[in-house]
Amino acid sequence: MDAEPKLTVVANLDLCDGYGECVKAAPDHFQLDDDGYVVVTDENVTPEAQGRVIAAVTRCPKSVLSLLADGKPVDLP
Ligand code: SF4
């Protein structure tokens, strides 16, 4: 039996423009720092949090966030 892949989320901070859409979608995984840029507060994505994190990744207007499965990027629509 295959184990479920381990999901994590990472941010390319060079691209972040501080819109905060990620924080609205998944405040348990993202916050903004004092300058308004994203901080990933929890990179581990549980099955329970998966929907919120995917919403954050897909709503980010700058494509800052990536969902990884066992370290490999997951293509999201
Ligand atoms: S939605 Fe994207 S650009 Fe906006 S704060 Fe989050 S990561 Fe940065």
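Biologist: In the hairpin of strand 4 and strand 5, which residue takes a positive phi?

Modeller: That residue is D70, with phi near 50 degrees, in a hairpin that has 2 residues between the strands. Please keep in mind that this is a predicted model.

Biologist: Is D70 buried or exposed?

Modeller: D70 is exposed, because 11 other C-beta atoms lie within 10 Å and the limit for an exposed residue is 12 or fewer. The residue lies in the loop between strand 4 and strand 5, and the positive phi occurs there in a residue other than glycine.

Biologist: Which other residue has a positive phi although it is not a glycine?

Modeller: S63 has a positive phi of about 55 degrees. S63 sits in the loop between helix 2 and strand 4. With 10 other C-beta atoms within 10 Å, S63 is exposed.

Biologist: Back to the hairpin. How many bridges join strand 4 to strand 5?

Modeller: There are 2 bridges, and the two strands run antiparallel. In one pairing, L68 has P73 of strand 5 as its bridge partner.

Biologist: And what is the strand order in the sheet?

Modeller: The order is 1-4-5, in an open sheet of 3 strands with antiparallel pairing. Strand 1 (7-11) and strand 5 (72-73) are the edge strands, each pairing on one side only. Helix 2 packs on this sheet, where it touches strand 1 and strand 4, and its direction makes about 135 degrees with that of strand 4.

Biologist: How many bridges join strand 1 to strand 4?

Modeller: That antiparallel pair is joined by 5 bridges. Within strand 4, L67 is the bridge partner of V9.

Biologist: Let us turn to the interior. Which residues of the largest nonpolar core touch the most other members?

Modeller: They are C22, V53, A56, V57 and L65, in a core of 16 residues. Helix 1 (21-25), helix 2 (50-59) and strand 4 (65-69) are the elements that give two or more residues to this core. Helix 2 supplies the largest share, 4 residues.

Biologist: Why might such residues be found together?

Modeller: In soluble globular proteins, nonpolar side chains tend to be buried together.

Biologist: Take A56, then. Which residues does A56 touch, not counting those up to four places away in sequence?

Modeller: On that count, A56 touches E21, C22, A25, A26, H29, F30 and L65. Two of these contacts, C22 and L65, are also listed with A56 among the core residues that touch the most other members.

Biologist: New topic, the ligand. Which residues come nearest to the ligand?

Modeller: C16, Y19, C22, C60 and V64 come nearest, out of 13 residues around the ligand. C22 thus appears both here and in the core.

Biologist: How many residues of that shell are nonpolar, polar and charged?

Modeller: The shell divides into 8 nonpolar, 2 polar and 3 charged residues.

Biologist: Now the start of the chain. Where is P5 found?

Modeller: P5 is in the segment before strand 1. P5 counts as exposed, because 12 other C-beta atoms lie within 10 Å and exposed residues have 12 or fewer.

Biologist: What does P5 touch, leaving out residues up to four places away in sequence?

Modeller: P5 touches A69 and D70, so the contacts of P5 include the residue with the positive phi in the hairpin. For P5 and N44, which are 39 residues apart along the chain, the C-alpha atoms are separated by 12 Å.

Biologist: And N12, where does that residue lie?

Modeller: N12 lies in the loop between strand 1 and helix 1. N12 is exposed, with 12 C-beta neighbours inside 10 Å. Its C-alpha atom and that of K24, 12 residues apart along the chain, are separated by 18 Å.

Biologist: One last residue, V39. Which strand is the place of V39?

Modeller: V39 belongs to strand 3 (residues 38-40). V39 counts as partly exposed, because it has 15 C-beta neighbours inside 10 Å, whereas a buried residue needs 20 or more and an exposed one has 12 or fewer.

Biologist: Which residues does V39 touch, not counting those up to four places away in sequence?

Modeller: V39 touches F30, Q31, L32 and D33. F30 is also in the contact list of A56. As for A11, 28 residues from V39 along the chain, the C-alpha atoms of the two are separated by 8.1 Å.

Terms used. Residues numbered from 1 in each chain as written. Predicted model: local features only at pLDDT ≥ 70, side-chain atom pairs only at ≥ 80, totals over all residues. Core = buried A, V, L, I, M, F, W, Y, C linked by C-beta atoms within 7 Å. Contact = placed C-beta atoms within 7 Å. Near = placed C-beta within 6 Å. Nonpolar A, V, L, I, M, F, W, Y, C, P; charged D, E, K, R; others polar. Pairing = 2+ DSSP bridges. Axes fitted to C-alpha atoms, helices over the stretch in contact; angles between N-to-C directions.
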